[in-house]
Amino acid sequence: MRILLIALEQESSYAIQKAFEECGQEVDIFFFQKAVDLHRFVVLDLENRTALATVLQKQDFDLVFSIGYLHEASVFCHMLGCLYVSWILNLPNFDLFRNSVSYSENYFFAGESALVDWLKKSGAQNVFYLPAAAAFCEKIESSKIYEISFIGKIPVWNRGEIFSEETKLSRSCLGYLDGFVHSQRVLYGWDLFSDPLPLAVLEEIMHYYPIEAPADIYVPFSFLCSQYYLMPQVIQQERLILFQGLKNLLTVFTGQREEENISYVVQPYPKGLEERKRIIASSKINLNITNRYFINGIPSHAFEIMGYGGFLITNYQKEFFDFFEVGKEWIYFENANDLLLKTVFYCNHPEAREEISERALEKVKKKHLYVHRAERILELLD
């Protein structure tokens, strides 16, 4: 089989290319000249669109593949009658809100069980559950120089400072939104944002902070508004609250400093895979706080931590229980106080950390590498 791999993100694209090649497939890789951000609706510029159309028309591919869903790739494949396979590992992916998801040429592999159900209800015809995985797997030895580390961005996507002191929203509207965000923040495994916003609240938001959306979206504007404005606020609040609870034990590798008088250390975001390896290996505890766009799923970074022999503490996510033994291969926390208690305990018990991380590493090596997922994709496409 000959595959055109559209590289929307360099590291994961090289990893899945290698995995498909290990499975005996021929893979050509395509890079856009300018970066593509799936956290927004993607409109390719003329240069990128022309380059993609040219390679698709000139080459004879059995399927086109990308990690993440790109609307314009789907449209081209629909026109050419070519299969378009996308593995959805990172959310939000706003192009999933466009009518092209219903094209019969699309095959979706979703790393989140709730997304499988949502895509099917949205008209997608070929949808399969396929969890994330570790791109690489090896034990990295290093002295522990960090007590607790967190690698990840803190969303600052207020999109016009909707929640800032300069907001144009009325107090009643902002008060409703603050309460809505708080409720979603403290609830796991339940998506409140599927429920529509009150009409008066929605009209006020759209009056002062309109969203530039393409004409072919099929989701209600209330849902789009929640995904665009409110969910980033949930993620931001949750992470900052949990960070402050860890006091001086935590180092956050994000490069962002959003408030004064913080008690944790802020370091630059790692520049690449080797730097992330070093941080994971040098940390007694690697903290995962799952992007709340995921209702049930396990994020790629959690697999990465376990795949490099790191000790993982994460928030509750339902699908962890489907693949890993709690207390033996992973540890989860329920709230800020529980997180503090567990991090202090495991910081002071290296033998327990070592046993858990070793078991997790072996499980990832046997069942949860990119090559295992590539094999599953090819099996389901056969």
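Reader: What makes the crossing of H5 and H7 left-handed or right-handed?
Author: H5 passes H7 in a right-handed crossing. The near helix is turned clockwise from the far one by less than a right angle; anticlockwise would be left-handed. This is a predicted model, where local features need pLDDT of at least 70, side-chain atom pairs count only at pLDDT 80 or more, and totals for chains, interfaces and linings use all residues. Residues are numbered from 1 along each chain as its sequence is written, and side-chain values use heavy atoms, without hydrogens and water.

Reader: Why are H5 and H7 called oblique?
Author: Their axes cross at roughly 60° and come within 9 Å. Angles under 35 degrees count as roughly parallel, over 145 as roughly antiparallel, 65 to 115 as roughly perpendicular, and the rest as oblique. H5 and H7 are therefore oblique.

Reader: Which residues of H5 meet H7?
Author: Leu-177, Phe-180, Val-181, Gln-184 and Arg-185 do, with heavy atoms within 4.5 Å. Their partners in H7 include Leu-230, Val-234 and Ile-241. By class, the contact has six nonpolar, four polar and two charged residues.

Reader: Why do Cys-82 and Cys-77 not form a disulfide?
Author: A disulfide needs cysteine sulfur atoms within 2.5 Å. The sulfur of Cys-82 is 4.5 Å from that of Cys-77, so it is too far for a bond. The sulfur of Cys-225 is 8.6 Å from its closest cysteine sulfur, in Cys-173, also too far. The structure holds zero disulfides.

Reader: Why is Cys-82 called buried?
Author: Its relative accessible area is 11%. Buried means under 20%, exposed over 50%, partly exposed in between (1.4 Å probe, protein chains only). Cys-82 is therefore buried. Cys-225, at 0%, counts as buried too.

Notes
Axes fitted to C-alpha atoms, helices over the stretch in contact; angles between N-to-C directions. Helix = DSSP H or I, 4+ residues; strand = E, 2+ residues; numbered from the N terminus. Nonpolar A, V, L, I, M, F, W, Y, C, P; charged D, E, K, R; others polar.
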